[in-house]
Amino acid sequence: MADYAPRTELTTHRVENQPGPNSAGDLWRSDRALCDAVAQFAPAWVGERLATLGQRLASSDVARWGEQANRFPPQLHAFDRHGRRLDEVDYHPSYHALMDLAIAGGWHAVAWEHEHHGGHQAHVAALYLLTQAEPGFCCPITMTHAAMPVLRQLRDGQAWQTRLLGREYDASAMPAWHKTTNTFGMAMTEKQGGSDVRRNSTRAQPIASAGPGEWYRLDGHKWFCSAPMSDAFLTLAQTDDGLSCFLAPRFTPEGQRNAIEIQRLKDKCGNRANASAEIEYVGAWAQLVGEPGRGVPAILEMVQQTRLDAATAPAGMMRQAVREVWSHVQARQVFDRRLADQPLMQHVVADLAIEAEASLLLAMRGARAMDRSLDDEGEAALARLLPALAKFWHNKRGPAFMAEAMECLGGIGYVEETPLARLYREAPVNSIWEGSGNVICLDVLRILDRHPASIEAFRQELSLSRGHHPAFDAAIDSLEARLTASPERLQAEARWLTQCMAQTLQAALLIRHAPRAIADTFCATRLANVSPIFGVLPAGAPLPAILERLGE
């Protein structure tokens, strides 16, 4: 089909000095930081498989799907025309197209298909790319991926595990066992507790006729139910033995609609393409997962998986934002020079590029630790800690990053036709979802207290980069002093400690795996002469070498 350009000769003026549509090119091959990270960390098959995804995501139809999925958000249909309960959510066809793309590619299942052989690295790298198409639909992809460790604790759960690994997306409302592929959601938090799930009031009563200790009926509410059209939900409820974990399918074993009533959909700041609901269980059927009273330990394995994904999404959004910025400033002239040739703009873009690459490396290192956790105690120890560090810090940097990127485009960046407004609205969600910043920092302190092997593995990881930059060595010494503080001081300074740990680890990874221009500039600006804003780089910073890595 011919590409007919829009008119530029208008009644009162000529449209000029406006960059053309941003052609993303190949999201895999054009991202040198990602290609390098995968080559250094992952088995060869990971890059080969990502190459096809990166090419597909660069197409104009995928970009259009992302825009439409946000412009036309999900709609709730609680009842049919006769007043019978439906509890269904309608999505725009573009949302389903994105879901089909991801599931047909197996990106929700790859971590388990190649478990401990690069699978987690493939999943994280794919999520980083998929996020650049549209972040909201990645939520059900993440939760479906993350459900596997919980399903392994389910009595006779092999059929659920098999269907999680399927590749035929089916959005229809029918029992899960009538599909070859199932998706999974989560419903844990309640109004009175939020992140403090031990205050949950939802009750679970065993169904005597269904077999002892297997099926229960749930009564209660959930303040957030993510992706309410999933085929089943992992949820928490109180039993006589305490808080327990359950799998609540959308249909009962008899094939009837389960009594999971959607009260409303959240009107969210961002994450528009994805539905988040308030629900009521009114005698809903649910199957016990694991041991009664052990709900939190059962669900934590899922949370650990989602936590790494919540650290990866900001890295993907950063990459998309800096790509949009670089495309714009290379084509836009101000004061008779391209923006890309002006020193102030070069400083800002270079600083954004450094932050994006540091975030990608930390997410990929967390995935590598998960892949190697089976037979390496040090990697297993890191796998406990790294997702929390990355989730906290990447999401704290995200909103400021998106605001700066938006400013680089000026007024056009503030309107919905460009992705920057969508990214800015999306930026806070992963920090809030599954534990806000304070919760994550307290988890870091808990890990340091209960799993001393994790801090030893962390120290070992830093030691591999000692001696390459004075600011990095000084940061390690300062961090050691903080780690030996009293418990009271540690808790009071938990945010500062978590930030220091995350940034020092980012520096260590950049020193070993990124070009020296990027690693040295990161150390000089994040560990030494620190500024709270982007674009404050030292005189003589190697801008050409940093910007060259962004490509054309």
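Here is a short walk through one helix of this predicted model, its neighbours and the loop that follows.

Let's begin with helix 16, which runs over residues 452–463. Its twelve residues should span 16 Å at 1.5 Å a residue, and the end C-alpha atoms lie 17 Å apart, so expectation and model agree. Which residues of helix 16 are buried? They are Ser454, Ile455, Ala457, Phe458, Glu461 and Leu462. Because these residues cover an arc of only 160° around the axis, they sit on the same side of helix 16. The cover over them includes helix 11 (343–371), helix 12 (377–409), helix 15 (437–450), helix 17 and helix 19 (494–513).

Now pick out Phe458 from that buried set. Leaving aside residues up to four places away in sequence, Phe458 touches Leu382, Leu385, Leu389, Leu479, Met501 and Leu505. Phe458 also belongs to the largest nonpolar core, which has 152 residues, and is listed with Leu50 and Met501 as having the most contacts inside it. Helix 11 gives the most to this core, with 17 residues. Another core, of 30 residues, lies apart from it and includes Val150, Leu151, Met188 and Leu247.

Finally, follow the chain out of helix 16 into the loop that leads to helix 17 (470–483), where you will find His469. Is His469 buried or exposed? Its relative accessible area is 15%, which is under the 20% cut-off, so His469 counts as buried. The side chain of His469 reaches the backbone nitrogen of Ala471 at 3.1 Å. Farther along the sequence, His469 touches Asp520, Cys523 and Ala524, with residues up to four places away not counted.

Key. Residues are numbered from 1 along each chain as its sequence is written. This is a predicted model: local features need pLDDT of at least 70, side-chain atom pairs count only at pLDDT 80 or more; totals for chains, interfaces and linings use all residues. Side-chain values use heavy atoms; hydrogens and water are left out. Helices (H or I, at least four residues) and strands (E, at least two) are DSSP runs, numbered from the N terminus. Buried means under 20% relative accessible area, exposed over 50%, partly exposed in between (1.4 Å probe, protein chains only). A polar contact is a pair of N or O atoms within 3.5 Å; within protein, one must be able to donate a hydrogen and the other to accept it, and residues adjacent in sequence count only if both atoms are side-chain atoms. Contact means heavy atoms within 4.5 Å. The expected span of a helix is 1.5 Å times one less than its number of residues. The arc is that of the directions from the helix axis to the C-beta atoms. A nonpolar core is a set of buried Ala, Val, Leu, Ile, Met, Phe, Trp, Tyr and Cys residues joined through side-chain atoms within 4.5 Å.
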